[in-house]
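User: I am new to this structure and would like a close look at a single part of it. Please set that part within the whole chain before going into detail.

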Amino acid sequence: MQAVINPQVINLTNQTGCKITTFPDGEKHVTVDELNRRIPVSVYCRITCADDLFCLMQVADVLKRQEMIIDNLFIGYLMSMRCDRLFDINRPFSLKLVAEIINSVGALQVGIVEPHSTTSLLKIKNSIGVMATMEFFYKEIARRYGDSIVAVLPDSGARSRYQPSSLPFIVCGKERDPETGRLLSFTVDAGETECKDKDLVVLDDLCDGGGTFVGLAPRLRELEPKSLSLLVTHAIQLEGIKKVAEAYDHVYITNSYKAWENEPLPENVTVFKVFK
């Protein structure tokens with residue numbers, strides 16, 4: 001029987017297999033631990049800013065010079081994923097720039113947690129989407145609430161990503177001012193789905209300032225649910241988390257963007273782990 005060789009791990013989020021230091025001028029510098037050049041490497045990272053991207057580039061440089069194989073690159077958060085098209089001729093196509101750097105790493109497979117749109121997967125070679133929202137929804141939340149659960153899809157993007165195949169769901173919409181981008185109103189299409197005394201769970205990939213979810217909550221409360229919860233994968237701002245925590249009975253997020261476990265989160269916020 002042929003032995004199974006487990007890949008070596010470099011995890012930039014907790015400095016497993018490497019050490020990150022900062023030079024006096026602010027530049028990040030990565031030193032990789034001693035490696036067995038005959039064994040493939042799996043690299044785990046968040047790309048939330050240019051520093052994170054530069055650290056990944058440094059790791060790739062070390063591995064390439066040692067002619068090592070990166071069998072898997074796992075990206076918890078992908079910088080510029082919301083800039084998934086060219087908005088204006090005088091503005092950069094940021095996602096394309098980030099994708100070109102990731103492609104230069106040469107990983108055999110790239111897993112991207114909740115990549116927001118298919119553009120990221122099209123631009124990044126050998127990439128697959130890791131749908132953490134639905135994974136945690138079924139493994140954790142649906143089990144918690146049982147038959148009383150109803151999924152809430154806040155907009156058309158969420159509907160295309162998360163529409164459950166076996167559970168009742170409702171679809172919402174929102175209207176923005178085309179000039180300012182300010183949210184004007186929210187709609188809720190419950191159809192024939194019964195929501196009274198049910199556990200409603202809003203599903204989405206990202207919470208920044210929390211405006212959409214805070215604005216939607218009163219409309220959902222009008223359906224007289226037993227409880228109202230929110231599940232988002234990428235939580236960006238602490239203040240945004242605090243705002244939605246006031247509007248919802250429970251908020252579920254992940255540590256994809258940041259290790260929130262050490263932050264002063266409200267008591268009704270639960271952090272699921274995409275990074276162990």
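The answer below goes from the whole chain to one residue.

Analyst: This is a predicted model, and the residue chosen for the close look is Asp205, which lies in strand 11, a stretch covering residues 199-207. That strand belongs to a protein chain with seven helices and 14 strands. The radius of gyration of the chain is 21 Å, close to the 19 Å that the globule rule gives for 276 residues, so the chain is as compact as a globular protein of that length. Along the principal axes, its C-alpha atoms fill a box of roughly 60 × 55 × 35 Å.

Buried residues account for 46% of the 276 residues, and Asp205 counts as one of the buried ones because its relative accessibility is 3%, where the cut-off for buried is under 20%. The side chain of Asp205 is joined to that of Arg161 by a polar contact of 3.3 Å.

Once neighbours within four places in sequence are left aside, Asp205 is in contact with Glu114, His116, Thr133, Arg161, Tyr162, Val232, Thr233 and His234. As for contacts across the whole chain, among those between residues at least 6 apart in sequence, 60% join residues at least 24 apart.

Turning to charge, the chain carries 31 positive and 36 negative side chains, and the centres of these two sets lie 3 Å apart. The chain as a whole exposes about 14400 Å², of which carbon and sulfur atoms supply 49%.

How values were computed
Residues numbered from 1 in each chain as written. Predicted model: local features only at pLDDT ≥ 70, side-chain atom pairs only at ≥ 80, totals over all residues. Heavy atoms only, no water. Helix = DSSP H or I, 4+ residues; strand = E, 2+ residues; numbered from the N terminus. Rg over C-alpha atoms; globule rule 2.2 N^0.38 Å. Buried < 20%, exposed > 50% of the residue type's maximum accessible area, 1.4 Å probe, protein only. Contact = heavy atoms within 4.5 Å. Areas by Shrake-Rupley, 256 points an atom, 1.4 Å probe, with all protein chains shown as cover. Lys, Arg positive; Asp, Glu negative; His and termini not counted. Charge placed at Lys NZ, Arg CZ, Asp CG, Glu CD. Polar contact = N/O pair within 3.5 Å; in protein donor to acceptor, adjacent residues only side chain to side chain.
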